[in-house]
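The exercises below are to be worked with the sequence and the coordinates open. Each task is followed by a solution in steps.

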Amino acid sequence: MVGSIGAAGPLRFTILGPLQVWSGDVRLELGPYKQRLLLAALLCRANTVLSVDQLIDVLWADDQPRTARKNLQVYVSALRKIARDHIGHLPYGYTLVATAEESDLLRFDRLAAAGRQAQREGGTAAASALLGEAVRLWRDQPLVDLLGSPFAARESERLTDRFLAVYEDWAELEVESGRALGLLDQLGELADRHPFRERLTALHMTALDQVGGRRQALACFEAHRQFIARELGLDPSPVLRRLYREILAGRGSGRAELRDSRPVRCKPAQLPRDVPDFVGRSAQVEELTGILSGESRCPGDPRCTDVTAISGPTGVGKTALAVHVGHLVADGFADGQIFVSLGHPDGTPRGWHEVLAELLRGAGLDVTPPREERAALALWRSWVAERQFLLVLDGATGEAEIRRLLPGRGPSRTLVTSARRLSGLECVRRLELGEFTPDEASELLTRVLGEPRVADAADALQRIKQLYGLSPLVVRTLAAKLTVLVHLSLREYAEQLGRRPVALDELSVGEVSVHDRYRRFHQGLTPLQKAAFGALGALPRAAFDQAGLLAALDGLAESVERVAEELMEANVVAVAEDDEVMANAAVHYRMPRLAHRYAAALLRSAGQGGS
């Protein structure tokens, strides 16, 4: 029965199938397409605030009318008449408040969590009952009536993956309990619709064998083998091949064991060594540990705690901070910590397939991922969804490489480090790092060299700051130099530096070379950024006003505003702090001093005919 807005009765919202709202036993009319799409977006993120911009993007994507905000308000007003007091408004967005009794998705999540908890505690009967109840909430493909919307299509695919993972857990318990007969039709249908999910295929084969369908089980394997060979050029997994051999020999085990097809040999602990003399960054350490331990939430959108991006210029200690905090919170991640460098030693980016293979091995699945990107990423996301890892993705060069590697859901948390701001990466917590303060630099030097050699070093640090800045890379390199030059104090070495032409090659010791670090950074810039970077080397100082910036960048192929934006995105240029501004300059910028030195060196090299 379909009713009007005024129908009485408790409300129920359903999206696991077509979008529907029920008042008692009466299904309510939900209005035009975009109004229903808005309701679907709020239900998919129930109890979470969605910003006005996010909702406008859901409704119109790249084809937003001038009246988008007004139209959104009209739709919200109409939905409030349907959803009553369930829709709330904050200054920056809207939320739909619901309980598990009112939302089929929330009820599904609660039942699935309870079923898996019962399974971990050994209560297989209770687990099967709870998971089965969750599975029966699904009536059709989620949001099946809204799939013309890119947002609804993405959400439907995401929710379907969640359903299939729960269905596989439940079906495995049912097969193990000897109740395979009632699953055959649905298992066969789902295995046909989702042929890349080998666990479904294994369950279907096991169920067929359990009810006496040995030939059908072998035929099921052969059909899957041909499909995988045709689509991916791969063989079935070792576990599926072993199951085939057991059924062929009449030794079917009556259970499918693909969930952990290659069990983790040991809990990964891949974080590099935490330096014992880590200093400073107390505010950033406190913020990051709060996020990763679940004690801190991003205002308005708690999903922002899933991913944190640490950015800043070359040498400011982004990786050191991520590793240090990773060690502090490591015990809170049940399945371990995975650290992956996204670049080669020469600074060039690694291919996605190579990185994904390393991530899968680190997560305990020692397989070669499919060459087809969509299938490979589906494998990665399915594997990591139910596991709790701390992922550290080090040295990102762009948003796309990070976006494809992020888990689709689950309790894992991700730290990303990048010399770029990654401004286009959606829904992440952002943390910008700058140079050391003089006190932090002095503390590190004291820890490495001892207090006598750093005594009365305030003037020396100020001189070093003027020449090279006080990034952690500079300070650690100076400390390493002075462990070799044991006859010099910091003050004496700073005096020597002041009498020499400033050269990046001076900051080199052992395998640590500031020049090499900046060379690798420069190689990663786009052609436009490289041209602009070199042009800034002609400026006499690392701090300059707007007129100097415009003059330096004049003549490049793009507008000065576009080039300046590119440089700020690459952390080459930033708006200067008050203590760095030049006299009488109203608006002004700065480059890291090392970056400016390197740009000037490139310009001199080009003028002398160098490369």
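**Exercise 1.** In this predicted model, determine which side chains of strand β12 are buried and which are not.

Solution. Strand β12 covers residues 429-432, and its side chains alternate between two faces. R429 and L431 point to one face and are buried. R430 and E432 point to the other face and are not buried. Next, look for the pairing of the strand. Strand β8 (residues 307-311) runs parallel to β12, and the two pair over four bridges. Within this pairing, L431 of β12 is the bridge partner of I310.

**Exercise 2.** Locate L422 and N571, and state for each the sign of phi and whether the residue is buried or exposed.

Solution. Start with L422, which lies in the loop between β11 (413-418) and β12. Its phi is positive, about 55°, although L422 is not a glycine. The relative accessibility of L422 is 2%; the limit for buried is under 20%, so L422 counts as buried. Then take N571, in the loop between α24 (560-569) and β16 (574-575). N571 is likewise not a glycine, and its phi is positive, near 60°. With 8% relative accessibility, N571 counts as buried.

**Exercise 3.** Identify the residues with the most contacts inside the largest nonpolar core, and the helix that gives the most to this core.

Solution. The largest nonpolar core has 77 residues. I15, L19, L38, L72 and Y167 have the most contacts inside it. Helix α6 (residues 150-176) gives the most to this core, with eleven residues. A second core, separate from this one, has 53 residues and includes V279, L445, V454 and L467. Return to Y167 and list its contacts, leaving out residues up to four places away in sequence: V135, L183, Q186, L187, L190 and L200. Y167 is buried, at 0% relative accessibility.

**Exercise 4.** Classify the aromatic pairs W60–Y75 and F163–Y167 as stacked or tilted.

Solution. A pair of aromatic rings is described by the distance of the centres and the angle of the planes. The whole structure holds twelve aromatic pairs. For W60 and Y75, the ring centres are 6.5 Å apart and the planes are at 25°, so this pair is stacked. W60 is in helix α2 (residues 52-60) and Y75 in helix α3, so the pair ties together parts that are 15 residues apart in sequence. W60 is buried at 12% relative accessible area, and Y75 is buried at 17%.

For F163 and Y167, the values are 5.8 Å centre to centre and 45° between the planes, and the pair is tilted. These two residues are four apart in helix α6, so about one helical turn separates them. F163 counts as buried at 8% relative accessibility. F163 and Y167 also belong to one aromatic cluster with F108, W138 and W170.

**Exercise 5.** For A83 and H324, name the helix and the contacts beyond four places in sequence.

Solution. A83 lies in helix α3 (residues 68-83). It is buried, with a relative accessible area of 2%. Its contacts are L11 and F13. A83 and F13 are 70 residues apart in sequence, with a C-alpha to C-alpha distance of 9.1 Å.

H324 lies in helix α12 (residues 318-329) and is buried, at 14%. Its contacts are D274, F278 and V285. With D274, the side chain of H324 makes a polar contact of 2.9 Å.

Methods:
Residues numbered from 1 in each chain as written. Predicted model: local features only at pLDDT ≥ 70, side-chain atom pairs only at ≥ 80, totals over all residues. Heavy atoms only, no water. Buried < 20%, exposed > 50% of the residue type's maximum accessible area, 1.4 Å probe, protein only. Contact = heavy atoms within 4.5 Å. Polar contact = N/O pair within 3.5 Å; in protein donor to acceptor, adjacent residues only side chain to side chain. Pairing = 2+ DSSP bridges. Core = buried A, V, L, I, M, F, W, Y, C linked by side-chain atoms within 4.5 Å. Phe/Tyr/Trp six-rings, centres within 6.5 Å; stacked < 30°, edge-to-face > 60°.
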